[in-house]
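Trainee: Could you take me through one part of this model up close? I'd like to hear about the ligand site and whatever leads into it.

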Amino acid sequence: MAEEVVLLDFWLSMFGMRSRIALAEKGIKYEYEEEDLWNKSALLLQTNPVHKKIPVLIHNGKPICESLIQVQYINEVWHDKAPLLPSDPYQKATARFWADYVDKKDFGLVPIKVATWGPFVLLNMDNEILQKDNIDTGNVASEWLGSSSELFSLNGVDTTLTYVCRCEYIIECNWKVFCDNYLDGGYHVPFAHKGLASGLSLDSYTCFYFYFKVHACVGC
Ligand SMILES: N[C@@H](CCC(=O)N[C@@H](CS)C(=O)NCC(=O)O)C(=O)O
């Protein structure tokens, strides 16, 4: 019987990539079906009703979900072609160890501290993991924002801010150009923005760092 192999996938998915690599290593011909993850197909929902995620490997009409399980399945079904693991138990264990290492290191979710300050959600990327119960939300301003919280409050950025709306813009530049321009703005550079810079008393211009970078300048 001719093998019928279908992969429901999304081109950017690192999980799908696992199965694609395994199929390529074995030289298996398959039908690739690109999923729209924002509008999932009936086939995806039907074949992976538990997680509703790609990749789904469908072999002769039978779905296999979860990329690592697919790789194992591919290796077992097409065992006569290009084995994905060494046969020696010790070498196999070593290969699995490094696969697990790369998996956690590169794909693992990194736990981070999270707290809220008014309408803001603050993320602290320190390595130390703080359990939710240990977060003293009363001290977020002083412990997380330090003296920046006063500075923000003085300038109207404080816990009383409320959500008004979200606006989306399409900006035709790459992210680095956007961040450079957004962060700097160039308003304090007289030759770039004469008019704007003339409204500032540049002698008082300071850059203040405390977890945040705040540019401050007194107006003329
Ligand atoms: N543990 C799963 C993870 C699969 C996964 O997270 N797929 C993502 C795309 S990379 C997905 O389908 N997301 C759609 C959703 O979460 O609704 C695997 O290894 O196959």
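Mentor: Here is a walk around the ligand, then outward to the helices and strands. Keep in mind that this is a predicted model.

The shell first. Around the ligand you find F10, S13, F15, L37, K52, K53, I54, P55, E66, S67 and L68. Sorted by class, that shell holds six nonpolar, two polar and three charged residues.

Now look at the stretch with K52, I54 and P55, since the backbone there does some odd things. Most residues other than glycine have a negative phi, and most peptide bonds are trans. The peptide bond from I54 to P55 is cis, with omega near 0°. K52 isn't a glycine, yet its phi is positive, near 55°. You'll find K52 in the loop between α2 and β3, and P55 sits in the loop between α2 (42–47) and β3 too. How buried or exposed is K52? K52 has 14 C-beta neighbours inside 10 Å, so it counts as partly exposed, given that buried takes 20 or more and exposed 12 or fewer.

Next, helix α1, which spans residues 14–26 and so includes F15 from the ligand shell. Its 13 residues reach 19 Å from first C-alpha to last, close to the 18 Å expected at 1.5 Å a residue. Buried in α1 are G16, R18, S19, A22 and L23. Viewed down the axis of α1, the buried residues fall within an arc of 150°, so they line one face of the helix. That fits a general rule: an α-helix has 3.6 residues a turn, so residues three or four places apart point the same way. On the other side of α1, M14 and A24 are exposed. What do the buried residues of α1 pack against? Their partners are β1 (5–9), β3 (56–59) and α3 (67–77). Just after α1 comes G27, which has a positive phi near 70°.

For contrast, try α4, residues 89–107. This helix has 19 residues and reaches 26 Å from its first C-alpha to its last, close to the 27 Å expected at 1.5 Å a residue. None of it is buried: the number is zero out of 19 residues, so α4 lies largely in the open. In the loop between α3 and α4 sits A82, another residue other than glycine with a positive phi, this time near 25°. A82 has 12 other C-beta atoms within 10 Å, so it is exposed.

Further along, strands β5 (residues 113–117) and β6 (residues 120–124) run antiparallel and are joined by five bridges. K113 has N124 in β6 as its bridge partner. The two strands form a hairpin with two residues between them, and G118 in the turn has a positive phi of about 60°.

One last stop is V214, in strand β8 (residues 212–219). Leaving out residues up to four places away in sequence, V214 touches S148, L151 and F208. V214 and S148 are 66 residues apart in sequence but 8.2 Å apart in space, C-alpha to C-alpha. V214 itself is partly exposed, with 14 other C-beta atoms within 10 Å.

Stepping back, the protein chain has eight helices and eight strands. Of its 220 residues, 11% are buried. Among contacts with a separation of 6 or more, 47% are between residues 24 or more positions apart.

How values were computed:
Residues are numbered from 1 along each chain as its sequence is written. This is a predicted model: local features need pLDDT of at least 70, side-chain atom pairs count only at pLDDT 80 or more; totals for chains, interfaces and linings use all residues. Helices (H or I, at least four residues) and strands (E, at least two) are DSSP runs, numbered from the N terminus. The expected span of a helix is 1.5 Å times one less than its number of residues. The arc is that of the directions from the helix axis to the C-beta atoms. Two residues are in contact if their C-beta atoms, placed from the backbone, lie within 7 Å. Two strands pair if DSSP finds at least two bridges between them. A residue is near a molecule or strand if its C-beta atom, placed from the backbone, lies within 6 Å of it. Ala, Val, Leu, Ile, Met, Phe, Trp, Tyr, Cys and Pro count as nonpolar, Asp, Glu, Lys and Arg as charged, and the others, Gly among them, as polar.
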